[in-house]
Amino acid sequence: MMFDMLIDAMLMLMRLDILLMISGGLVLGMLVGALPGFTTVMAMAIVLPISFFLEPILGIPFLIGVYKGGIFGGSIPAILVNIPGTGASMATTLDGPAMTRKGQSRKALEIALVASVVGDFLSSFGTILIIGPIAMIALLIGPPEISAILLLSLMIIVMSSSGNFLKGMVMLLIGMFLATVGQDPVGAMVRFDFNFYPLQAGIDLLPLIIGLFAIPEILFAIEQRREAVVDPAHTKAQGERLRWSELMACGRTILRSTAIGGVIGMVPGMGQVVAAFIGYSAAKGASKHPETFGQGEIEGVAAPEAANNAVNGPTMVPLLTLGIPGDNITAILLGAFVAQGLRPGPQLFQDQGTLVYALLFSMLLACVLLLVIGYLLTPVFARVVTISKAYLVPLMLIFAVGGTYVYRSNPMDLYFMIGFGLFGYGARKLHFDLTPLVMGFILTPPLEYALAQSMLLSRGDLLGYLVGTRPIAVGILVLTPVLIFWLGYRQRKQRRVRP
Amino acid sequence: MTNDMARAGSVLARLNFNSAVALAVVVLGIVIWLLVPYQVAEPPVFFGRSSVGISPKLFPQMIAIGMVVIGALYFIASLSMRQISGFRGLSASAYVNLGVVLIAMLAYVALLRPLGYLATSMGVATAISFYYGSRNLVGIGLTGIAAPLVIYTLFTRYLSVSLPPFPWGS
Amino acid sequence: MGTIRHTILAIAAALGVVSAPAIAETYPDRPITMIIPLGAGGSHDLNARVMTSVLPQILGQPVVVQLMPGAGGQIGTAAAASAPADGYTLLFTHNFIDELQQFVTTLPYSPNDDFVAVSRTNTAQPVLVVRNDSPFQTFDELIAYAQENPGQLRFGHSGNWGAFMVPGLALMQAAEADVTLIPYQGGGPVIQALLAGDVDFTFAFASVLAGQDLRPLLVVGDQPMLDGVPTTTELGYDQVSEIGVMNRVVLAPAGIPEDRLAILRDAFEQLNEDRTYLRLLDRLGENSDMMGGAEYNEVRLRQAERYRALVESFGG
């Protein structure tokens, strides 16, 4: 009975118009994702009304295509010009642009594509298989667990940042402080606004990212303008294609990142950015040659890309099993479902099981199509680096400004962008790694929120509450210092081995 | 006596940009700590119980303490650091270039709303292309004129998001 | 389709060369912007998308959604307040942002002086829910327990001064029940928390209830929506009925010319008769309980007074 349903579900998808819709969504998503300032959420929200007027098996896979295309699309500018097109591709800027500078832009784009597709496919497949258990695990994860996991993540990231641990901590603290400017996440009490109204909304992630990543590139390029009108990267063109042997060598990294992304996808509120960074840190920590990370190491691109896509599968679980969206993207998908008269949740599985499975399979189908389409388009994208710096730099600037503005229509964001640009430039010149700053900035609000919720839930008696009813959280908290110690020990051993 | 003086002298000799940054961090931490009472308000109380679990002052205060502690440790560590600041070796012309681009960026952002995205982007893109050394008219035309147009049309017409319009015609 | 002409016109329009001030006063003659002071994907966004997929046929011009989240809705609202009052910028918000915020914090605008109502598009009545295996079968049992065990019950809500906290707070205050409030980031997470057992009760909109294992105990408002479930009006909590229901409303900056306001108000009346619009709303589980702008303006002022009283009662 079940088997018949699965077969029926697969047959439902064997239609040319569905394939075309998914492909269209993928291309659209890729293009929009490649534009900095355009979040995948925005892209999906814009095309959502289109899905209202299509049948469910056409409309929803279309949105799924936009979603998956968007995540990959963000990696394109991240690799080529060090500007993450979406937050999820921030970790890709650690090694991607370095590979481009070595003349390996095409290889970088291709490994990003393959890693993304593999991570996404495996994670979606796994989700379909064990959707029930994942739902149950998701219910066990509440504010105390989230706080513990976030603390652990922050520590892992600081420990694996390049450079000195103390300098990494400094960046982390600065990032955390920046996150506190504006309204506090729980009570919306304004902090550090200096009575300057625009600061009340706080500093947003997008101007921060575009400022920290894109603007310094412009400034670095402009330092030596007259000497470098003819660019070394210009002449190397886009380089060779990815070789099978190289892909196989990244195999373990990709699998590890997929697992990491999958686990993080189950924790509400963590998201693709965190998964990408932790995947990167894990790959660097497990590597025999961690010093190549940051210099254009291919695993350094594969790891974050696989991880950030692997988050997609489990993120769908609360939506499909309970009808509750876990984040903005699933909220839009929920809207699409609901506008079609479908109510996700346990009832939908019973009433319309075939359709639900067909939609789940369409996720897998989207992955396969992404691989095909991406492979065809990467040579086109890779050519971007052949544009001379004299044109690339102004283009980057007008894209950066346009992208930041459309996000919130707030001119303050633009000034912040420039300010962060100068800061990022200075920080890089002074050999600081910006990753901990960004992570501190991203993770502090959810951490503060989860801690506040935990305090309220415990009704004042935090220790008793944790020990009595929250074994998972306690377990993670105990694990954290152990893991830190182990990581620190490994790092010190490696430093002694290398002269 | 001379040993102490020698040690003090070598400490001074080892001060580098890292030490300066470390001190700045410590100062920043102190400043944040001092600002907290003035810049953080207290949340309302429901049914006699705090509505927020942890005070909004908590995180900033902890961050401030962290900065002071880490900054101090960093300062001590900086004495044995041998990194060379990237700013050394920047020629004067580099600073000039940076300055020009910075002013251009600020002007761009400041004039964005009054003059509209299209006009400002065209101006900035053309100027920077030219300043960067290109004299290829086709290249400058594409970058400076066509690109802003394409971006503006794409964003406002097809992606239905808003960029500041040209002030005429409203 | 005359693509060349289309392209040239597009470029010309983009350059602002082609404009229509001298031509006849047909409003609207260019796209209208609708600012939403909330984030993407919420029920508000969905309602807006439904509206903007049908409204252009009535008005003859596209309606472009501009999301401006932040500061509890203030960023978007402030932007709309400072937009020119020419009828080309509208604000789609709800009553908690519109009338309550001013008592919670200092705003750079005055809701009732700076905005005039175009249309109240619909309402949403929150429903108080507990889990299916909860020991409370009726609302009275819940309150009795709360009164005997002050602070023990955990009430999860979707965000400070949001769509669940306001009715909940007002209700608990009226019922003299002492509960602990736990914030969550939106309606979705709080339902998950309820199912996981972290909180004891919360609210939900009827559209969400359909697929869930939840037991409704009370409907806020005066329309009995669910069989066997009392409304706040029936139980005597009239005040809560008035201020606890979410009203989605389209506002325009004050000073908009009277004739343009009339055109807008009329357009929304027509929208509420449109079959496609009603069908989509119904699918979303939303009602189409529209109220004209002129009438709703009065309601806004009354609500302001009630919210002032609510906030002040907590020393806020």
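Helices, in what follows, are DSSP runs of H or I with at least four residues, and strands are DSSP runs of E with at least two, both numbered from the N terminus. By that rule A:Gly475 is found in helix 24 of chain A, residues 471-497.

Before going on, I should say that this is a predicted model, in which local features need pLDDT of at least 70 and side-chain atom pairs count only at pLDDT 80 or more, while totals for chains, interfaces and linings use all residues. Residues are numbered from 1 along each chain as its sequence is written, chains are lettered from A and ligands numbered from 1 in the order in which they are written, and side-chain values use heavy atoms, with hydrogens and water left out.

Let me stay with helix 24 for a moment. A:Gly475 is partly exposed, because its relative accessible area is 39%, and here buried means under 20%, exposed over 50% and partly exposed in between, with a 1.4 Å probe and protein chains only. Just ahead of that helix, in the loop between helix 23 (462-469) and helix 24 of chain A, sits A:Arg470, which counts as buried at 6% relative accessibility.

What does A:Arg470 pair with inside chain A? It forms a salt bridge with A:Glu145, the closest N and O atoms being 2.7 Å apart, where a salt bridge is a side-chain nitrogen of Lys or Arg within 4 Å of a carboxyl oxygen of Asp or Glu. A:Glu145 lies in helix 8 (residues 143-159) of chain A, 325 residues away from A:Arg470 in sequence, and it too is buried, at 2% relative accessibility.

A:Arg470 also reaches across to the other chain, forming a salt bridge with C:Asp198 at 2.4 Å between the closest N and O atoms, and the count between chain C and chain A is 1 salt bridge. Turning to that interface as a whole, 44 residues of chain C are in contact with 42 residues of chain A, contact meaning heavy atoms within 4.5 Å. The two chains bury about 3700 Å² between them, 59% of it on carbon and sulfur atoms; this is the accessible area, with a 1.4 Å probe, that two parts lose on being put together, summed over both. On the chain C side, C:Arg49, C:Gln192 and C:Arg283 lose the most area to chain A, together 16% of what that side buries.

Several elements of chain C each supply at least two residues of the side that touches chain A, among them helix 2 (43-59), strand 2 (63-67) and helix 8 (187-196). The largest share, 6 residues, comes from helix 8 of chain C.

Strand 2 of chain C is largely enclosed by the rest of the structure, because 5 of its 5 residues are buried. C:Val63, C:Val65 and C:Leu67 point one way from this strand, and C:Val64 and C:Gln66 point the other way. Strand 2 pairs in the parallel sense with strand 1 (residues 32-36) of chain C over 5 bridges, two strands being paired if DSSP finds at least two bridges between them, and C:Ile32 has C:Val63 as its bridge partner.

Finally, a second salt bridge involving chain C joins the side chains of C:Asp200 and C:Arg154 at 3.6 Å, N to O.
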